[in-house]
Amino acid sequence: MLSRPPTAPRGARNSSPATRGGDRGGIQKRSRGGAPARVDRDGDLVMDAAAAGNKRRSGKGRLDSPAPSRGSGRGRANGPSPRGGNLGTIKAQRAIIRGLGTEQANVLESRITPGYSTLQITGLSSSKAASNPDGGLESLLSFLERKATERQDPNSNREVKIKKSHMKGDSVFVTASPGDIAQIQKLNGFSFAGAVLEIQARDPATPGLRSDKSGDKKKDGVSPSAEETKERLKAVLATRYNGELKLLDLSALAHDTGLKEMGVFDGSTTTSKIFPALMVVCGGLFKTRQEKQEAIVSVTLADNDLADVADVSSLAETFPDLKHLDLSRNRLAQMSNLDAWGSRLKHLSTLILTGNPIETQLATLKTDILKKYPYLEILNGVQVRTPEEVAAALDFAKSPIPIAGPDFRDVGQVGENFIRQFVVLYDTDRTALLAQFYDSESAYSLSVNVVAPRSHKISAPIAPWAAYLKHSRNMVKITHLPAQMNRLHRGIQAIQSLWATLPATRHPDIQTQGEKYLIECHALPGLADPTGQSVRGVDGLIITMHGEFEEQNNSTEKSLRSFSRTFVLGPGAPGGQPIRVVSDMMALRCWAPLALPKPAANSQPAPTNNNNGSEQQRQEAMAMQLVEKTGMTPQYSALCLTETGWDLEKAFMAFTANKDKLPADAFLANAAR
Amino acid sequence: MAKQFTEFYYNQFDQDRKNLAPLYRDNSMLTFESASVQGTAGIVEKLSALPFGKVKHQVSTLDAQPTGETNGILILVTGALLVDDEQRPMNYSQTFQLLPDGAGSFYIFNDIFKLVFG
């Protein structure tokens, strides 16, 4: 359990002794009272630095700088955690931060496709050309091209070309290169066949963002163009991004000065209108999912009056890998209010629902929430799972069916002897193997499973399947009977000629590496009697064997493959070998370690202590960062970090969720509250 | 035949595995994760008691061989299993031995299931 610092009784937010300025909650840093929100946030950074005073170090993100106070807490025992890497700022992400830190969001801009390439033109329908067979489209387009070309810099010989066009209702949409678009746009207000043309930029990427709110699209200059809208949204995002915490603060959007200025709320306070647009703009800033995942780890949606996350459903699409999410002080009342996100946001490790009606039912809903979010560790600032439990739970989820050891029910060690000889001979002398156990009736076929899933932890490349694929008798794919028959090999000769073409293999030694095999064996009555004497047949064995082998291909690289093989063994014909292979079926797939019976618990490697020095330094540095960000005392910061497993992002989320409950002495005396 | 059988088997299994009862006989043997059960009643009970609700089999490979004069069919299936809300599929391998039931159809004589994921 996360034992929180002593808490004051929870009351109205404003009842704490020192009322904080502004009513934006969530993750926004404490702000000077009264100042406009945007200045608040910007000022915040400055204020924080000032509050931290001489404690402030240059090079904020550095882990190795000595800190004046060390956290009293004990770090997690498992050495430098990979999470520490979150603090070391990655190059790409630094660029984002730098860009976002400025009002211009230069970097952001550079990440967006420069310019826009679509114009919306209205006015054609009221022109005389509208009576043309094509509605006047053709003559409008040539008019635009001609006029735009004429009005270019006279030294330029370029002709303005419209690449694409289509009519929709009263509007014509044209696409052209950004340069040409700019020229065409200058024709806004021109007369064409007796009608005044209105030409506006349209960005196909943000269809949700119509600058025209209530049919006022005809008024020039009143509504911002799509590009302007995008730029404004980027500016809004820039002020709401904290690069150090990798936090995107989307709290209290309805009170956002920037958004209000844009008139996007149009009198209502719903976020449903602006949110998808914000997400589109935000998503557009990143080229890859990984880039996004690295830059934005936490999001707060506090104070958005959300009764259902349907209004912000695009969050899950834009940030599927989100780790920390603050939904404080909304109106979420039941689990179903989270349904709009479906099973996305699966990677959440922190979820804050403080100040929602649902909070009162958390005790009963906890199980459901934990099920929905398998990685969740902290719910409302309370630890609900340890990282170890998350790992264990995932292991369990991976295998709801208990893995059991082999069930090997041999008859007179026949099966065992066969397998022992088989694995050796198949590697070293397939001809001898065939002579010893196969006969003219033995059947062999192989199939290749090229789609077998394997753990993302395995990065070994999969060697090409070419040598096998042309023989694969996978009936899911091979549906023609002749092909199926061709790939069933019966008799020593047929099998031998196939085996000669298959790559050489080396199976693990079954004596010393028995754990790499799973072999089961059962008696199998009712096989055809090769002597023809017994009408009801004779007893045989059915053996299923799962394991791996190393392929000895021409290159020096060794590649592993996993296989499952089923044998049916029967007694040999009189005068022949004592046992014979009736059937031999092999299925190959990419290598992955075999599922083994669950080992006893506590197989966790012993904690190493050789990193104490650097670990301590790392923690001290982290504690000071938290001090700077929160204004909490070093002691409280360390406590907070200890409880959140020394994860700065989580600690800050926990702080945000609980800051109203913290006693006054949790904060530095000189920190403005 | 093998393809029809596996399609039917996994459809039934994924819809309601209790419906698999007609495919087994009292001399049938199910070995599920190394636990062997003989007889229709025991097999259905074992299948019903498996610790998952929703289940989906995706057959990746299917191979079958006729087994000699018994007119049986030996089937080897490998595929992926999705259980409940778990997103990650698990590799499995399943061997069926089918025997004619005397009425023009087949029943499962041996059914050996094993998870083989890594």
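**Exercise 1.** In this predicted model, work out in what order the elements of chain B run from the N terminus on.

*Solution.* Start by counting: the secondary structure of chain B comes to two helices and six strands. Then walk along the chain from its N terminus, and you will read α-β-β-α-β-β-β-β.

**Exercise 2.** Find where B:Asn71 sits in chain B, and decide whether B:Asn71 is buried or exposed.

*Solution.* First, locate the residue: B:Asn71 belongs to the loop that links β3 (55-67) to β4 (72-83). Next, count its surroundings: 12 other C-beta atoms lie within 10 Å of B:Asn71. A residue is called exposed if that count is 12 or fewer. B:Asn71 is therefore exposed, with its count of 12. As a last step, look across to B:Leu98: the two residues are 27 apart in sequence, and their C-alpha atoms are 8.8 Å apart in space.

**Exercise 3.** Determine what share of the residues of chain B count as buried.

*Solution.* Take the 118 residues of chain B; 47% of them count as buried. Now turn to contacts with a separation of 6 or more: in chain B, 44% of these join residues 24 or more positions apart.

**Exercise 4.** Describe the largest nonpolar core and the residues with the most contacts inside it.

*Solution.* This core has 71 residues, and A:Leu278, A:Val299, A:Leu626 and A:Cys640 have the most contacts inside it. Its main contributor is helix α8 (residues 274-283) of chain A, with eight residues. At least three residues come from each of domain 2 (224-398) and domain 4 (609-666) of chain A. Finally, another core, of 66 residues, lies apart from it, with A:Phe418, A:Leu541, B:Ile75 and B:Leu81 among its members.

Terms used:
Residues are numbered from 1 along each chain as its sequence is written. Chains are lettered from A and ligands numbered from 1 in the order in which they are written. This is a predicted model: local features need pLDDT of at least 70, side-chain atom pairs count only at pLDDT 80 or more; totals for chains, interfaces and linings use all residues. Helices (H or I, at least four residues) and strands (E, at least two) are DSSP runs, numbered from the N terminus. A residue is buried if 20 or more other C-beta atoms lie within 10 Å of its own, exposed if 12 or fewer, and partly exposed in between; C-beta atoms are placed from the backbone. A nonpolar core is a set of buried Ala, Val, Leu, Ile, Met, Phe, Trp, Tyr and Cys residues joined through C-beta atoms within 7 Å. Domain bounds come from an automatic or database domain assignment. Two residues are in contact if their C-beta atoms, placed from the backbone, lie within 7 Å.
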